[in-house]
Amino acid sequence: MENSEKHLQDIAEIKQMMERSSRFISLSGWSGISAGSFALLGAFAAYRLMRSSTGPSLDSYLVIDAIIVLILALSSSIYFSWRKARKQGATLWSPVTRKLLLNMAIPLVTGGIYCAIMFWQDQLHLIAGCTLIFYGLALVNAGRFTNKEAVILGIAEIILGIAASIWYAYSFWIWGIGFGLFHILYGITLYSKYDRPKTHE
Amino acid sequence: MNNPIEGLNKVFESRIKLGVMSILLVNEWVDYNALKEYLEVTDGNLASHLKGLESRKFIEVRKQFVGRKPLTTYRCTPGGKKAFKLHLAALENLIKNKP
């Protein structure tokens with residue numbers, strides 16, 4: 001039955017090519033877990049800063065903290081995805097990756113500019129919610145090119161962002177849930193669904 | 001019972017042609033370099049397979065210039081889609097009805 005063996009291989013090839021050319025499948029579960037952990041560490045550092053210092057220097061400390069978290073979260077996610085892509089024998093920088101990033105960039109850049117405007121206009125209490133909402137929109141937009149869990153995470157972030165804007169007294173904690181806890185949960189879901197070595201019969 | 005071999009298309013016996021059709025089924029216009037990247041093949045090899053698909057009117061070619069660089073993109077024709085789907089259905093049938 002070497003023929004049916006070839007047919008099976010053909011179907012596997014078709015499936016692989018369709019996936020590789022239309023979806024970004026190299027996002028590792030570890031990317032989510034590491035990004036979420038760095039967000040929680042950053043939030044913890046911010047919490048300590050807010051208790052120990054006040055005034056204009058506090059704002060710049062918080063901005064530096066946020067930038068460090070962003071760099072660590074991004075670079076660790078890219079590293080784990082690069083590792084997964086290498087294992088899959090795929091390249092990380094594919095046309096799908098470019099489409100994915102472009103679709104994320106539009107809401108993210110808009111959100112970034114909007115948050116900066118809020119900062120200048122002293123609407124600091126609304127920034128946390130704003131980052132959650134625009135990040136959520138970016139994920140929903142990117143969902144077409146990656147796993148459907150990204151869309152679910154995106155919707156969850158949007159809901160949290162709205163909640164953080166209404167009850168802005170708690171927005172710091174809600175931000176921690178959205179960028180920390182939810183990323184870790186997302187990473188664990190991806191890991192158990194796609195990354196964990198499957199035990200085939 | 002109808003013969004499942006009927007739908008199988010000899011053209012798609014080639015791995016590269018099969019891959020090209022799979023990619024073009026889920027994407028609109030795809031450029032030559034992207035195809036090369038996904039399929040991990042050499043230039044000459046891919047070009048001849050693409051010509052084969054084009055001559056059977058399974059795919060159509062569009063040549064443009066982006067700045068000064070030529071850009072060749074490919075798309076699946078309705079006929080190509082139909083032929084490929086028949087082939088895929090036949091493959092599935094063969095596996096399902098495996099004795």
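This is a short group-meeting talk on a predicted model with chains A and B.

Hi everyone, and thanks for coming. Please keep in mind throughout that we are looking at a predicted model. I'll begin with each chain as a whole, then move to helix packing, and finish with a few residues.

Let's start with chain A. Which kinds of secondary structure does chain A have? It has seven helices and zero strands. If you read from the N terminus, the order of elements is α-α-α-α-α-α-α. The C-alpha trace of chain A spans about 75 × 30 × 25 Å along its principal axes. Chain A has 201 residues, and 41% of them count as buried.

Now for chain B. Here we have four helices and three strands. From the N terminus, the elements of chain B follow the order α-β-α-α-β-β-α. Along its principal axes, the C-alpha trace of this chain spans about 55 × 25 × 20 Å. Of the 99 residues in chain B, 40% are buried.

On to how helices pack. Find helix α2 of chain A, residues 29–52, and helix α7 of chain A, residues 171–195. Their axes come within 7 Å and cross at roughly 160 degrees. How do α2(A) and α7(A) run relative to each other, roughly parallel or roughly antiparallel? An angle over 145 degrees counts as roughly antiparallel, so that is the label for α2(A) and α7(A). The crossing of α2(A) past α7(A) is left-handed. And which classes of residue make up this contact? There are 18 nonpolar, eight polar and one charged residues in the contact of α2(A) with α7(A).

While we are at α7, have a look at D195(A), which sits in that helix of chain A. D195(A) is partly exposed, at a relative accessible area of 22%. Now find L27(A) as well: D195(A) and L27(A) are 168 residues apart in sequence, yet their C-alpha atoms are 9.6 Å apart in space.

Chain B gives us another helix pair. Helix α1 of chain B, residues 15–26, packs with helix α4 of chain B, residues 78–96, at an angle of about 115 degrees. The two axes are 11 Å apart. α1(B) and α4(B) are therefore roughly perpendicular to each other. Their crossing is left-handed.

Let's zoom in on some residues, beginning with L132(A). You'll find it in helix α5 of chain A. Is L132(A) buried or exposed? L132(A) is buried, because its relative accessibility is 0%. Its C-alpha atom is 4.6 Å from that of G161(A), although the two residues are 29 apart along the chain.

Next comes T146(A), in the loop between α5 (127–142) and α6 (149–166) of chain A. This threonine counts as buried too, at 6% relative accessibility. Which backbone oxygen does the side chain of T146(A) reach? That of F24(A), at 3.0 Å.

Now a word about backbone angles. Most residues other than glycine have a negative phi. With that in mind, look at D122(A): it is not a glycine, but its phi is positive, about 65 degrees. D122(A) lies in the loop between α4 (95–120) and α5 of chain A. With a relative accessible area of 60%, D122(A) is exposed.

Chain B offers an example as well. K57(B), a residue other than glycine, has a positive phi near 60 degrees. You can find K57(B) in the loop between α3 (43–55) and β2 (59–66) of chain B. K57(B) counts as exposed, at 63% relative accessibility.

Last topic: cysteines. How many disulfides does the structure hold over all chains? Zero. Let's reason through one case, C115(A). The closest cysteine sulfur to the sulfur of C115(A) is in C130(A), at 3.3 Å. A disulfide would need the pair within 2.5 Å, so these two sulfurs are too far apart for a bond. C115(A) is also buried, at a relative accessible area of 10%. Over in chain B, C76(B) counts as buried at 6% relative accessibility.

So, what should you look for when you open the model yourself? Try the antiparallel pair α2(A) and α7(A), then the perpendicular pair α1(B) and α4(B). After that, try to spot D122(A) in its loop between α4 and α5 of chain A. Thanks for listening!

Notes. Residues numbered from 1 in each chain as written. Chains lettered and ligands numbered in written order. Predicted model: local features only at pLDDT ≥ 70, side-chain atom pairs only at ≥ 80, totals over all residues. Heavy atoms only, no water. Buried < 20%, exposed > 50% of the residue type's maximum accessible area, 1.4 Å probe, protein only. Axes fitted to C-alpha atoms, helices over the stretch in contact; angles between N-to-C directions. Helix = DSSP H or I, 4+ residues; strand = E, 2+ residues; numbered from the N terminus. Parallel < 35°, antiparallel > 145°, perpendicular 65-115°, else oblique. Left-handed = near helix turned anticlockwise from the far one by under 90°. Nonpolar A, V, L, I, M, F, W, Y, C, P; charged D, E, K, R; others polar. Polar contact = N/O pair within 3.5 Å; in protein donor to acceptor, adjacent residues only side chain to side chain.
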